[in-house]
Amino acid sequence: MSRSALVHLVLAGYSLLVLCPIVLVLVNSLKSRRAIFEDPLALPTAATLSLVGYTKVLSNSAITSMFFNSAVVTGLSLVLILLFGAMAAWALTEYGFRGNRLLALFLAFGIMVPIRLGSVSILQTIVSLDLVNTLTALVLVYVAQGLPLAVLILSEFIQQVPGELKDAARCDGVGEFTIFFRIVLPLIRPAVATVAVFTMVPIWNDLWFPLILAPSEATQTITLGVQQFIGQFATDWNAVLSALSLAVLPVLVLYALLSRQLIRGITAGAVK
């Protein structure tokens, strides 16, 4: 077997391993409760097809609010991470100043040390700021969580922007902010798309911080809200699987929209 065939075989196996749980959730969300337990691997048939789970989920007014909360938190966090991350990466790569390397090292520690290790301190800070049970608390935590990786990835791409372009703009009297937003950002769109995808998935799927910082009904995200269908003695698996299937859709849509830019960003980093 050739090296190329072996690589494709490994990648195909990994893809299958990743896709199987998603397919199982989607398939079983369309089946009756009895059919789910009798044969979870079988496709739905005319006898087993059931949309009762989606009916329960969509008829629950709280689910709409949870989706809205997740969308607000994820969208706002993404915008702030991409904006501040790109600006910080531009500053670290373009300008030499005392503490430049130390700041870059500090951001690198943000990638190596899991943010959950500081959950107690984060909770104490949020309580002191009176931000418990607010979406603002989640946004602040997720921005802090996503910035180090964003700065690291975007810095590598900003370094590849030809210096002649920036120097020519400066000779024409163009300001630094205009150079950044009009010249640099359009050239690093693949990197921005890569950071957006890698950042959105853990934010959208996170259960830990919504559970400890914003557990109230008004601020619950969809990942936390699904837990209401899981009881101590009985679990409504139709509703759980249907809610999870709906929760997967935004991530799939974002990937479909940014897949071309994502692939360009990954391959550009590979051949740097």
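This briefing covers the fold, the pockets, the cavity and some local features of one protein chain.

The model is predicted. The protein has 13 helices and 0 strands. About 640 Å³ of space lies in the largest pocket, and the structure also holds 1 cavity of 30 Å³ or more. Of the 272 residues, 34% count as buried.

**Overall fold**

- From the N terminus on, the elements run α-α-α-α-α-α-α-α-α-α-α-α-α.
- Along the principal axes, the C-alpha atoms fill a box of roughly 70 × 60 × 30 Å.
- Among contacts with a separation of 6 or more, 75% come from residues 24 or more positions apart.

**Largest pocket**

- The largest pocket holds about 640 Å³ of space.
- Its lining has 19 residues, and those closest to its centre are Ile 22, Val 201, Val 248, Val 251 and Leu 252.
- Four elements give two or more residues each to this lining: α1 (3–28), α10 (189–205), α12 (222–225) and α13 (237–270).
- By class, the lining of the largest pocket divides into 16 nonpolar, 3 polar and no charged residues.

**Second largest pocket**

- The second largest pocket has a volume of about 400 Å³.
- Here 20 residues form the lining, and Gly 110, Ile 115, Ala 144, Gln 145 and Gly 146 are the closest to the centre.
- The elements that give two or more residues to the lining of the second largest pocket are α5 (100–112), α7 (135–158) and α10.
- Helix α7 gives the most to this lining, with 7 residues.
- The lining of the second largest pocket divides into 14 nonpolar, 4 polar and 2 charged residues.
- Helix α10 thus appears in two linings: it gives two or more residues to the largest pocket and two or more to the second largest.

**Cavity**

- A search for cavities of 30 Å³ or more finds 1.
- The largest cavity has a volume of about 50 Å³.
- Its lining consists of Ser 70, Val 73, Thr 74, Tyr 142, Ile 203, Trp 204, Asp 206, Pro 210 and Thr 221.
- Helices α4 (61–94) and α10 each supply at least two residues of this lining.
- The largest share, 3 residues, comes from α4.
- By class, the cavity lining has 5 nonpolar, 3 polar and 1 charged residues.

**Helix α3**

- Helix α3 spans residues 52–59, and Gly 53, Tyr 54 and Val 57 are buried in it.
- Seen down the axis of α3, the buried residues fall within an arc of 95 degrees, so they line one face of the helix.
- An α-helix has 3.6 residues a turn, so residues three or four places apart point the same way.
- The face of α3 turned away from the buried side carries the exposed residues Thr 55 and Ser 59.

**Loop between α6 and α7**

- Asp 130 is found in the loop between α6 (119–128) and α7.
- Phi of Asp 130 is near 60 degrees, a positive value in a residue other than glycine.
- Asp 130 counts as exposed because its relative accessibility is 66%, and the exposed class begins over 50%.
- Asn 133 also lies in the loop between α6 and α7.
- Phi of Asn 133 is likewise positive, near 60 degrees, and this residue too is other than glycine.
- Asn 133 counts as partly exposed, because its relative accessibility is 31%.

**Cysteines**

- A search of the whole structure finds 0 disulfides.
- Cys 20 has a relative accessibility of 37%, so it counts as partly exposed.
- Cys 171 has a relative accessible area of 70%, so it is exposed.

Methods: Residues numbered from 1 in each chain as written. Predicted model: local features only at pLDDT ≥ 70, side-chain atom pairs only at ≥ 80, totals over all residues. Heavy atoms only, no water. 1 Å grid on protein atoms, 1.4 Å probe; cavity = no way out; pocket = protein on both sides within 12 Å on 5 of 7 lines; lining within 4 Å. Points joined across faces, edges and corners; volume = space filled by probe spheres on them. Nonpolar A, V, L, I, M, F, W, Y, C, P; charged D, E, K, R; others polar. Buried < 20%, exposed > 50% of the residue type's maximum accessible area, 1.4 Å probe, protein only. Arc of directions from axis to C-beta. Disulfide = S-S within 2.5 Å. Contact = heavy atoms within 4.5 Å.
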